[in-house]
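Colleague: I am new to this structure. Could you walk me through how to read it?

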Amino acid sequence: MEWFERTKPYEADLIADLNQIVKIPSILDPNTQSDRTPFGVDMARALAKMEELAARDGFRYGRVDNMVTWIEYGPADAAETVAILTHIDIVPAGEGWLRDPFKPEILDGLYFGRGAADMKADLMSAYYAMKYLADHEITLTRKIRLIIGTDEENGWRDLPRYFEVEGEPTMGFSPDGAFPVVNGEKAFQTVQLRFANQTTGDYVLRRFIAGSRPNVVPGEARARVSVPNPAQVQNEFATYLAQYPFLSGQSEVRDQEVRLLLKGVQAHGAYPQDGENAGTYLANFLRRFAFNADAKTFLDFIGRVVHDDIGAENLGLRYHDDVMGDLTLNVGVMRFSQNGQGTILLNFRYPQGVNVQAVTTQVQRHLGDFAANVEVWPGGMEPHLVPETDELVGTLSLVYAKQTGMYMNPRTSNGGSYARLLKRGVAFGGQFPDVPVTSHQANESTPVANLTRSMAIFAESLLKLAK
């Protein structure tokens, strides 16, 4: 019997359990952080739900510092461990949803909900792959550990702590990428610009807000400006939007102050080409007006220097590596508040051959009149590459080829998964090549058929790696 035929009967139960996880808005919540809930109450609820499933299904499980839950199958005293590295945290829902992101629905064969693609569905497919092996009482030599983190979308403070306590697994994969095997991941680094917000003259930028995370292409941007002729700004804004059919927005006037809303296309910051950055477009529009002081340089930097420049060519950072590809830039967060402190977060993904010092040096060189301090955010990662000759890469590649009927060479990704924390770690699934990427976007979804399709690939892979 083919592996997909073996896993298909699990579909209804898998979806029922997935619904319980997607309904929990496991987003970093500073308002409810404590020692018992280091990333917020909802994150703790999500881990507790996974532990409840593990207890129901007879797995060994545990928790590390209320940050990470592990679930285990196989000989407890095994000297070697095959890890499945996952996370249960998600990015904020954002705007533009046609349905409630935390009330999962199935429509036209697609499962909708925040986390459907990144990565609650793949977490559940991996869990059920392990459950399949347990249900059939398959004997293993190596043990399998499903490791569930809670800070992947933010500071990566969870799994490094897990490794300190539990040690590093022998090898593993993270189903937080794409099929086939992703044996290389580019570096990722966020650079923060801090600056004063002085704005004077007839044109005053009172407030500018776009983005919530450095690793998300902002789908919405807002600005409040005081101007001599509000009607002129409104008319020019309408004309500007008409030039770009992928943008939308609106404006209103309150006491000589124009309030602008511009909507672009939200996407994962690792693939900025998939989105349309609402923040840089709004700045690109506003820079035509006679703003002065810090407002002028702020709008010029994001509306000209880094606008529509995902290769960071205007920063002197255009770079290509034959193995790992191109450097990319996402302008993830933009903040300006009159007479306050301003912030811009630039998220870079770069291959081997580039380092963080080169990135920050070039950003500093291209600030022009922009009096900003350039700082490196903690938590960045250098490029990661596992040789194609490694047993891990070869086994996963052959399983994928066998089950799909198509061999595809291992490749490099712009995305960052927890696999890079292992010396022998790769990303593997659950994004199939023929499925549009919806991670971090409004109306995030995954094909229902791929839930057990991924489960089948993971189950056979785990069997071969741990047998």
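Modeller: Gladly. Start with one residue. Val331 sits in strand E19, which spans residues 328–337. Keep in mind that this is a predicted model.

Colleague: Is Val331 buried or exposed?

Modeller: Look at the relative accessible area; buried means under 20%. Val331 has 3%, so it counts as buried.

Colleague: Which residues is Val331 in contact with, leaving aside its neighbours within four places in sequence?

Modeller: Pro218, Asn277, Thr280, Val306, Ile344, Leu345 and Leu346. Take Ile310 as well: 21 residues separate it from Val331 along the chain, and their C-alpha atoms are 8.8 Å apart.

Colleague: Now the sheet. How do strands pair in general?

Modeller: Through backbone hydrogen bonds, in a parallel or an antiparallel way. Here, eight strands make an open sheet with antiparallel pairing. Read the order as E14-E15-E13-E11-E19-E20-E10-E21.

Colleague: Which strands stand at the edges?

Modeller: E14 (248–254) and E21 (372–376). Each has a single partner strand, so one side of each has no neighbour in the sheet. From one strand to the next, the twist averages 20 degrees.

Colleague: How many bridges join E13 and E15?

Modeller: Seven, with E13 (residues 220–226) and E15 (residues 257–263) antiparallel. One facing pair is Arg224 and, in E15, Arg259.

Colleague: Where do side chains point in a strand?

Modeller: In a regular strand they alternate between the two faces of the sheet.

Colleague: Which helix lies across E14 and E15?

Modeller: Helix H6, residues 230–243. Its direction makes an angle of about 175 degrees with E14.

Colleague: What about the hairpin of E1 and E2?

Modeller: E1 (residues 60–64) and E2 (residues 68–73) run antiparallel, joined by five bridges. Val64 has Val68 in E2 as its bridge partner. Three residues lie between the strands, and Asp65 has a positive phi near 55 degrees.

Colleague: Last topic, the cores. How many residues has the largest nonpolar core?

Modeller: It has 62. Met50, Ile71, Met124, Tyr127, Leu146, Phe173 and Phe428 have the most contacts inside it. Helix H4 (residues 120–135) gives the largest share, 11 residues.

Colleague: What is Met124 in contact with, beyond neighbours within four places in sequence?

Modeller: Leu14, Asp17, Leu18, Ile21, Met50 and Leu53. Apart from this core lies another, of 53 residues. Its members include Tyr281, Leu299, Val363 and our starting residue, Val331.

Methods:
Residues numbered from 1 in each chain as written. Predicted model: local features only at pLDDT ≥ 70, side-chain atom pairs only at ≥ 80, totals over all residues. Heavy atoms only, no water. Pairing = 2+ DSSP bridges. Helix = DSSP H or I, 4+ residues; strand = E, 2+ residues; numbered from the N terminus. Axes fitted to C-alpha atoms, helices over the stretch in contact; angles between N-to-C directions. Contact = heavy atoms within 4.5 Å. Buried < 20%, exposed > 50% of the residue type's maximum accessible area, 1.4 Å probe, protein only. Core = buried A, V, L, I, M, F, W, Y, C linked by side-chain atoms within 4.5 Å.
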